[in-house]
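The following paragraphs lead the reader through a protein model, from its overall form to individual residues. Please keep the sequence and the coordinates at hand while reading.

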Amino acid sequence: MPPHIYHILHLAGVLFVFAGIGSFLTNSGTARPGMKFHGIGLLLLLVAGFGMLAKLKLSYSAPWVIAKMVIWLLLGVLPVLAKKRVLQPGVLVLLGIVLGLVAASLGYLKPA
């Protein structure tokens, strides 16, 4: 598969993750649909991200890749923090935006 397909799938994963978080935060009834979107998005991010790394022959152990994996884990924990009411919804949204911006800058700049 060409690298641009992995890039598009990766961006689709980002959209699914944030749509899932938004649905989870705004849904007063059941959180199930939001969690489905969130999980599908996390899976898309992981598969497309590693596929892109393999296709572009980039190192899996580069510091920026490890930082993106940590961000991926943190994005995966956000709905749990919302459900347990550890952080307020506004703080969770801000945290998600900051994590997304840091991940995007790491992906585009690929610092050494």
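**Overall form and helical architecture**

A compact globule of 112 residues would have a radius of gyration near 13 Å, and the protein, with 14 Å, agrees with that expectation. The model under discussion is predicted. Along its principal axes, the C-alpha trace spans about 45 × 25 × 15 Å. The accessible surface comes to about 7,000 Å², and 76% of that surface belongs to carbon and sulfur atoms. Of the 112 residues, 28% count as buried.

The protein contains four helices and zero strands. Read from the N terminus, the order of elements is therefore α-α-α-α, given that helices and strands are DSSP runs numbered from that end. Among contacts with a separation of 6 or more, 68% join residues that are 24 or more positions apart.

Helix α1 offers a convenient starting point. This helix comprises residues 3-26, and its 24 residues should span 34 Å at 1.5 Å a residue. The C-alpha atoms at its ends are 35 Å apart, which agrees with that value. Which residues of α1 are buried? They are Y6, H10, G13, V17, G20, I21 and F24. These buried residues of α1 pack against α2, which covers residues 32-55, and against α3.

Two residues of helix α2 illustrate the packing in further detail. H38 lies in this helix. Is H38 buried or exposed? Its relative accessibility is 3%, so H38 counts as buried. Setting aside residues up to four places away in sequence, H38 touches F16, V17, G20, I21, L75, G76 and P79. Of the residues named there, V17, G20 and I21 are also among the buried residues of α1.

G49 is likewise placed in helix α2. Because its relative accessible area is 15%, which falls under the 20% cut-off, G49 is buried. Apart from neighbours within four places in sequence, G49 is in contact with H10 and L44. H10 is itself one of the buried residues of α1. The C-alpha atoms of G49 and V65 are separated by 9.4 Å, and the two residues stand 16 positions apart along the chain.

Helix α3, residues 63-83, contains V70, and I71 is also placed in this helix. The two residues can be set side by side. I71 is buried, with a relative accessible area of 7%, whereas V70 is partly exposed, with a relative accessible area of 44%. V70 contributes, together with I66, M69 and L74, to a nonpolar surface patch of about 310 Å². Patch members must have over 30% relative accessible area, and the 44% of V70 therefore satisfies that condition.

What does I71 touch, not counting residues up to four places away in sequence? Its partners are L99, V102, A103 and L106. The C-alpha atoms of I71 and G100 are separated by 8.1 Å, although these residues are 29 positions apart along the chain.

One of the partners of I71, A103, has its place in helix α4. A103 counts as buried, because its relative accessibility is 13%. When residues up to four places away in sequence are left out, A103 touches K68 and I71. A103 and A62 are 41 residues apart in sequence, and their C-alpha atoms lie 14 Å apart in space.

Two residues outside the helices deserve attention for their backbone geometry. R85 lies in the loop between α3 and α4, the latter covering residues 89-109. The phi angle of R85 is near 60 degrees, a positive value in a residue other than glycine. R85 is exposed, since its relative accessible area is 68%. K110 lies in the segment after α4, and its phi angle is near 45 degrees, again a positive value in a residue other than glycine. What does the accessibility of K110 show? At 36% relative accessibility, K110 counts as partly exposed.

In summary, the predicted model consists of four helices without strands. The buried residues of α1 pack against α2 and α3, and I71 of α3 touches A103, which is placed in α4.

Terms used. Residues numbered from 1 in each chain as written. Predicted model: local features only at pLDDT ≥ 70, side-chain atom pairs only at ≥ 80, totals over all residues. Heavy atoms only, no water. Patch = residues over 30% accessible without salt bridge, like charges linked within 9 Å, V, L, I, M, F, W, Y side chains within 5 Å. Areas by Shrake-Rupley, 256 points an atom, 1.4 Å probe, with all protein chains shown as cover. Salt bridge = Lys/Arg side-chain N within 4 Å of Asp/Glu carboxyl O. Buried < 20%, exposed > 50% of the residue type's maximum accessible area, 1.4 Å probe, protein only. Expected span 1.5 Å × (residues − 1). Contact = heavy atoms within 4.5 Å. Rg over C-alpha atoms; globule rule 2.2 N^0.38 Å.
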